[in-house]
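Got a minute to walk through a fold together? Have a look at the chain below, then try the questions.

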Amino acid sequence: MPLESIALSFVPQLGVRGAAYLVDCFGSARAVYRASKEELVERCELREDVARAITLKKGFAEADREIAYCKAHGIEAVGCDQEHYPRLLREIEDFPTAIYVRGDVGALSRRTVAFVGTRKVSSYGQRMCDRLVQELHELLPDVVIVSGLAYGIDIASHKAALEHGLPTIGIVAHGLDRIYPHVHRQYASQMIQSGGAIVTEYLSKTTPDPQNFVQRNRIVAGLSDVVVVVESAIKGGSLITANIANDYNRDVMAFPGRVGDKTSEGCNKLIRQHKAEIITSAEDLINLMGWTAPEKN
């Protein structure tokens, strides 16, 4: 069980980056808790009060309760020490030490394409989502679609994946005791039943507070081989995700839009600044990634 991986999230004043840094320093969450206070302070320059909390096994009781909750509600807790923790996510410097999954954990380790964009999707954006997903299904039937289960491009890409028979993963900004927005619950259920998953780094009972969504965006970027910006205004969460993906050395692509269209200004800016490659079809994406279709039995 990922006891130590979950426990780190309860250590006061440590934070996501601090927990990830400690795991990288010692090689595993379990090794962090085996370290002495002196090792934590000298080797990782940790504050003495934080190091003391770790040596006193701070977080173990809370982690036990979280694990019990997950078992009772069909949620799989996956720690960063475990073999089935997603490889791509483990590569980023601020990886979550534990994630929580409803659905197929294996889908998180397949070839993944993230769709991001405006919540005020146009008919053009809807068409691009549907067409790209359909083409990906035809050319790469093993690919997984990733997005954030929000309004607009997110839910358009999830629905397109469901319609065309591709697994799809929703990364949410709250605990798995709820689905936000509530109107997307039916799609979340379909995603789980169709070989996809709903994923979060947040503990149960965590509410979808505004600051969680920016934090969530790094999971979308970190979990994906390539991020596709379908439609975006000049500012917004999708551009944040694209910039995070660039920082993680992930590939970013953007659909070009008509000059003057507000929902295309962000995409055109990314392309103009060489932060995203132009995409017009699934072939563009496949060529950029150097992917080949799986062999048929």
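What follows is a set of questions and answers on this predicted model.

Q: What radius of gyration does the chain have, next to that of a compact globule with 297 residues?
A: Start with the box: the C-alpha atoms fill roughly 60 × 40 × 40 Å along the principal axes. For 297 residues, a compact globule would come out near 19 Å, and the chain agrees with that, having a radius of gyration of 20 Å.

Q: What share of the contacts with a separation of 6 or more is between residues 24 or more positions apart?
A: Some background on the chain helps here: 14 helices and nine strands make up its secondary structure, and 55% of its 297 residues count as buried. Among contacts with a separation of 6 or more, the share from residues 24 or more positions apart is 73%.

Q: How far apart are the mean positions of the positive and negative charges?
A: The surface first: about 13,600 Å² is accessible, and carbon and sulfur atoms own 48% of that. As for charges, the chain has 34 positive and 37 negative ones, and their mean positions lie apart by 5 Å.

Q: Which strands stand at the edges of the sheet?
A: The sheet is open, has mixed pairing and runs in the order 1-2-6-5-4-3-7-8-9. An edge strand has a single partner, so one of its sides is left without a neighbour in the sheet; that goes for strand 1 (76-79) and strand 9 (277-278).

Q: Which residue of strand 6 stands opposite V101?
A: Strand 2 (residues 98-103) runs antiparallel to strand 6 (residues 197-200), with four bridges joining the two. On its other listed pairing, strand 6 goes parallel with strand 5 (residues 168-171) over three bridges, and there I169 has A197 as its bridge partner. Back on the strand 2 pairing, the residue opposite V101 is V199.

Q: Which residues of strand 6 are buried on each side?
A: Strand 6 is covered on both faces. One side has A197 and V199 buried, and the other has I198 and T200.

Q: What is the bridge partner of V226 in strand 8?
A: Strand 7 (residues 226-229) and strand 8 (residues 251-254) run parallel, joined by four bridges. Within strand 8, V226 is partnered by D251.

Q: Which elements do the buried residues of helix 12 pack against?
A: Helix 12 (237-247) has S238, L239, T241, A242, I244 and A245 buried. A helix has 3.6 residues a turn, so residues three or four places apart point the same way. The packing partners of those buried residues are strand 3 (112-116), helix 11 (210-222), strand 7, strand 8 and helix 13.

Q: Which residue just after helix 13 takes a positive phi?
A: Helix 13 (residues 265-272) buries G266, C267, N268, L270 and I271, and these pack against strand 7, helix 12, strand 8 and strand 9. Helix 12 is followed by N249, with a positive phi near 60°. Just after helix 13, the residue with a positive phi, about 60°, is H274.

Q: Is S157 buried or exposed?
A: S157 sits in helix 9 (residues 153-164). Leaving aside neighbours within four places in sequence, S157 is in contact with F115, C129, V133, I145 and S147. Buried means under 20% relative accessible area, and S157 has 0% relative accessibility, so it counts as buried.

Definitions and conventions
Residues numbered from 1 in each chain as written. Predicted model: local features only at pLDDT ≥ 70, side-chain atom pairs only at ≥ 80, totals over all residues. Heavy atoms only, no water. Rg over C-alpha atoms; globule rule 2.2 N^0.38 Å. Buried < 20%, exposed > 50% of the residue type's maximum accessible area, 1.4 Å probe, protein only. Contact = heavy atoms within 4.5 Å. Areas by Shrake-Rupley, 256 points an atom, 1.4 Å probe, with all protein chains shown as cover. Lys, Arg positive; Asp, Glu negative; His and termini not counted. Charge placed at Lys NZ, Arg CZ, Asp CG, Glu CD. Pairing = 2+ DSSP bridges.
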